[in-house]
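Reader: I should like to learn how to read a protein model feature by feature. Please give the general idea each time and then the case at hand.

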Amino acid sequence: MYLFSAPTTTTTKATGTITSTGATVHGFSLSFNFNINNENSKVYFKLPTEVPTIPCSSKQPSSVLDRRPGSLESSITTQLCIESNTQLEKDVPGAVLVVRRPALDVSDEVGSPEDETKSSSAIIDAGLEKFAKKMPIFEPERVESALCQEKQPLMVNLDLALYKAKLLARNYRYQEAEEILKKCISCWPEDGRSYVALGKILKKQSKFSEARAVYEKGCQATQGENAYIWQCWAVLENKMGNVRRARELFDAATVADKRHIAAWHGWAVLELKQGNVKKARQLLAKGLRSCGGNEYVYQTLALLEVRAKRYDQARQLFRQATKCNPRSCASWLAWAQLEMQQENNVAASRLFEKAVGASPKNRFAWHVWAIFEANVDNIEKARKLLKIGHALNPRDPVLLQSLALLEYNHSTANYARRLFRKASELDPRHQPVWIAWGWMEWKEGNITTARELYQKSLSIDSTTESAARCLQAWGVLEQRVGNLSLARRLFRSSLNVNSQSYITWMTWAKLEEDQGNSVRAEEIRNLYFQQRTEIVDDASWVAGFLDIFDPALDSIKRLLNLENGPFREKEYIRNVWGAHKDSIDEKSVDHSSNENEGNVSHSRSEFELDSFIKERLSLDPAKLDVQLEKNSTPAPGKVKSARGSWK
């Protein structure tokens, strides 16, 4: 028996005893005895020690939300199951359990027990109503509106916006693309693609400080976990000449994602430009360990082997690059140039066919292949390849520049001049076009025109390698016409831009020697050997590098025949080129069979150029000259595709 005493808040003059029946609340039996004497009263609650379990009917509502609002039943948060209590009958004989539902309407009469009960229920209802207003479950409209305010657009909208910005940037509509990307950043601040795209657009416009600010903001928004932003930022700093800062950013990119192969490769290329070949090899090796095989890494390593004159190892690395990605046009082209340098013309021709097959619209593939054909005196095929490349890439000035030089050497200067003018209109800031055009005018005896063209090239940018070549060519021109003092100043300016140019040093030394200044000429030669940057490579690195070839270590060792004595070139040829018997035969890489190589024009090939461009490119070989004449300069900000121009 527990006794609770509390003063009542109701004042009454009635005296007597009110005995109520028992009730069961969640399994507890309660007895209520009210003794009212004058103004004070006591309430007794009797909790028996044995609590019977009384099941509730399933027909009763399970929640207060199921009750009608405004009633006493809707104000109670517990479920009541009421039945007769045997314990109550023992304490109060003759007591009868009475269950009375409160009326919905409150009577106007005052002073009755029913009024007191109704007023108590109204107080409870008012308290629970205030409590219910604080619970979100009772206000679904408010919760729904809050969710709508916090709801973000779908990710597909971001993908569409990025694609639209890419198309605008491709059409030189940079301002519109920037506005779209800025909106993407405001809506999706944690997505790194918007920062990368906006930074690249700003870099194309030479807005380096703004691009740097965008990359920095992107790294902060992504909490430094986006390797793409770090890598683009590093490339920007490297382009601006901040090599130390670029190294730090490349390092941050590899920490953010060690499987980001572009960061490893970009860092290695940076070290190669600085002459740190050993460091570059280490970075490329780490990239292969972390990311697996990658055609760009294998291709760069192969080019290092070519520089070190280890051609067999270079071929093996090119083989790995094309195996990783058979559609890598750059790998096929680099491999073809290796064979071209080794005068393996048949092999080079087959590799060029592989390159254009992998990427039919690649302008570099058509350009390099045409140069190769011109070097082997196959002029008609070289001219045809350049015209095909121009039809596929009507805005590329390099193809027209090479075609103009080819026509100048084997046709007329007037036709070459027309092609040079057209190339300069396509891209007025392309320095090699102005340099080549100036060289042709000098050869034609138009000295004043040549000087104007050289000045035009230098006015674009006087700090690039193209500017150094322009100064050297202009110096030779002045030397030939007798302006020796001006020629010396031009040679000196060229070396200030590029001090590693062997041709410029030797040309200047030859000028002094022709003037009888043999001592000065010897000093110039000594200066070149003193200041040149000598790249020292370690040949023993190759054996260590074989350990990081991911799953193919055993097969590569068999290919190189490292386990069975000294390396034998014949076995290497059979193993490496066996899979390409349909396109490249063994004789094409056999150095002992040069007599079987001959000219490419005399070799038989299954690759038919005319059929290829008809089926794959929808070009008519008979109308290439007509197409070259019809192609006009597109309006600024508008790009004409090759397929659209043909239509």
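Author: The dialogue below goes from confidence to overall make-up, then to helices, single residues, aromatic rings and loops.

Reader: What average pLDDT does the protein have, and what share of the residues score at least 70?

Author: This is a predicted model, and confidence is the place to begin. Where pLDDT is low, the predicted coordinates should not be read in detail. Here the average pLDDT is 75, and 63% of the residues score at least 70.

Reader: Over which residues does pLDDT stay under 50?

Author: One such stretch is residues 53–89, for which the model has 51 contacts beyond four places in sequence. Another is residues 103–110, with nine contacts of that kind.

Reader: How many helices and strands does the protein have?

Author: There are 31 helices and four strands. Of the 647 residues, 41% are buried. As for contacts between residues at least 6 apart in sequence, 52% join residues at least 24 apart.

Reader: How does one read a single helix, and what span does α18 reach from its first C-alpha to its last?

Author: One may compare the end-to-end span with the expected value, then ask which residues are covered. Helix α18, residues 397–410, has 14 residues and reaches 20 Å, close to the 20 Å expected at 1.5 Å a residue.

Reader: Why is α18 described as largely enclosed by the rest of the structure?

Author: The description rests on burial: 11 of the 14 residues of α18 are buried, so the helix is largely enclosed by the rest of the structure. Among them are Pro397, Gln401, Glu407 and Tyr408.

Reader: Which helices do the buried residues of α18 pack against?

Author: The partners are α16 (363–375), α17 (379–392), α19 (413–426), α20 (431–443) and α30 (624–630). At the start of α18, a side-chain oxygen of Asp396 comes to within 3.5 Å of the backbone nitrogen of Leu399.

Reader: How should a record annotation be set beside the model, and which residues does UniProt list for "repeat: TPR"?

Author: The listed span can be examined for its secondary structure and its end points. In an unreviewed entry, UniProt lists residues 295–328 under "repeat: TPR". In the model, that span is 79% helix and 0% strand, and its end C-alpha atoms lie 7 Å apart.

Reader: What is the length of helix α13, in residues and in Å?

Author: Helix α13 covers residues 311–324; these 14 residues reach 20 Å from first C-alpha to last, close to the 20 Å expected. Its buried residues include Ala314, Leu317, Phe318 and Ala321, as well as Arg315 and Arg319.

Reader: How does one read a single position, and is Glu271 buried or exposed?

Author: One takes the accessibility, then the contacts. Glu271, in helix α10 (residues 261–273), has a relative accessible area of 2% and is therefore buried. Beyond four places in sequence, Glu271 is in contact with Arg247, Asn276, Lys279, Ala280 and Leu283.

Reader: Which residues is Val476 in contact with, leaving aside its neighbours within four places in sequence?

Author: Val476 lies in helix α22 (residues 465–481) and counts as buried at 12% relative accessibility. Its contacts of this kind are with Trp442, Phe491 and Thr507. Val476 and Thr507 are 31 residues apart in sequence, and their C-alpha atoms are 8.0 Å apart in space.

Reader: How many aromatic pairs does the whole structure contain?

Author: Ring pairs are read from the distance between centres and the angle between planes. The search finds 17 pairs. The rings of Trp332 and Trp335 have centres 6.0 Å apart and planes at 10°, so this pair is stacked.

Reader: Where do Trp332 and Trp335 lie with respect to each other in helix α14?

Author: Because they are three residues apart in α14 (residues 329–341), Trp332 and Trp335 are separated by about one helical turn. Trp332 is buried at 4% relative accessible area, and Trp335 is buried at 1%. Elsewhere in the list of aromatic residues, Phe352, Trp366, Trp369, Phe372, Phe607 and Phe612 form one cluster.

Reader: Which phi value does Gln223 have?

Author: Backbone angles are a further check on loops. Gln223, which is not a glycine, has a positive phi near 60°. Gln223 is in the loop between α7 (208–221) and α8 (227–239), and counts as exposed at 66% relative accessibility.

Reader: Is Glu343 buried or exposed?

Author: Glu343 counts as exposed, at 58% relative accessibility. This residue lies in the loop between α14 and α15 (345–358), and has a positive phi of about 60° although it is not a glycine.

Methods
Residues numbered from 1 in each chain as written. Predicted model: local features only at pLDDT ≥ 70, side-chain atom pairs only at ≥ 80, totals over all residues. Heavy atoms only, no water. pLDDT = per-residue confidence, 0-100. Contact = heavy atoms within 4.5 Å. Helix = DSSP H or I, 4+ residues; strand = E, 2+ residues; numbered from the N terminus. Expected span 1.5 Å × (residues − 1). Buried < 20%, exposed > 50% of the residue type's maximum accessible area, 1.4 Å probe, protein only. Polar contact = N/O pair within 3.5 Å; in protein donor to acceptor, adjacent residues only side chain to side chain. UniProt positions renumbered as here; feature names shortened; annotations may be inferred. Phe/Tyr/Trp six-rings, centres within 6.5 Å; stacked < 30°, edge-to-face > 60°.
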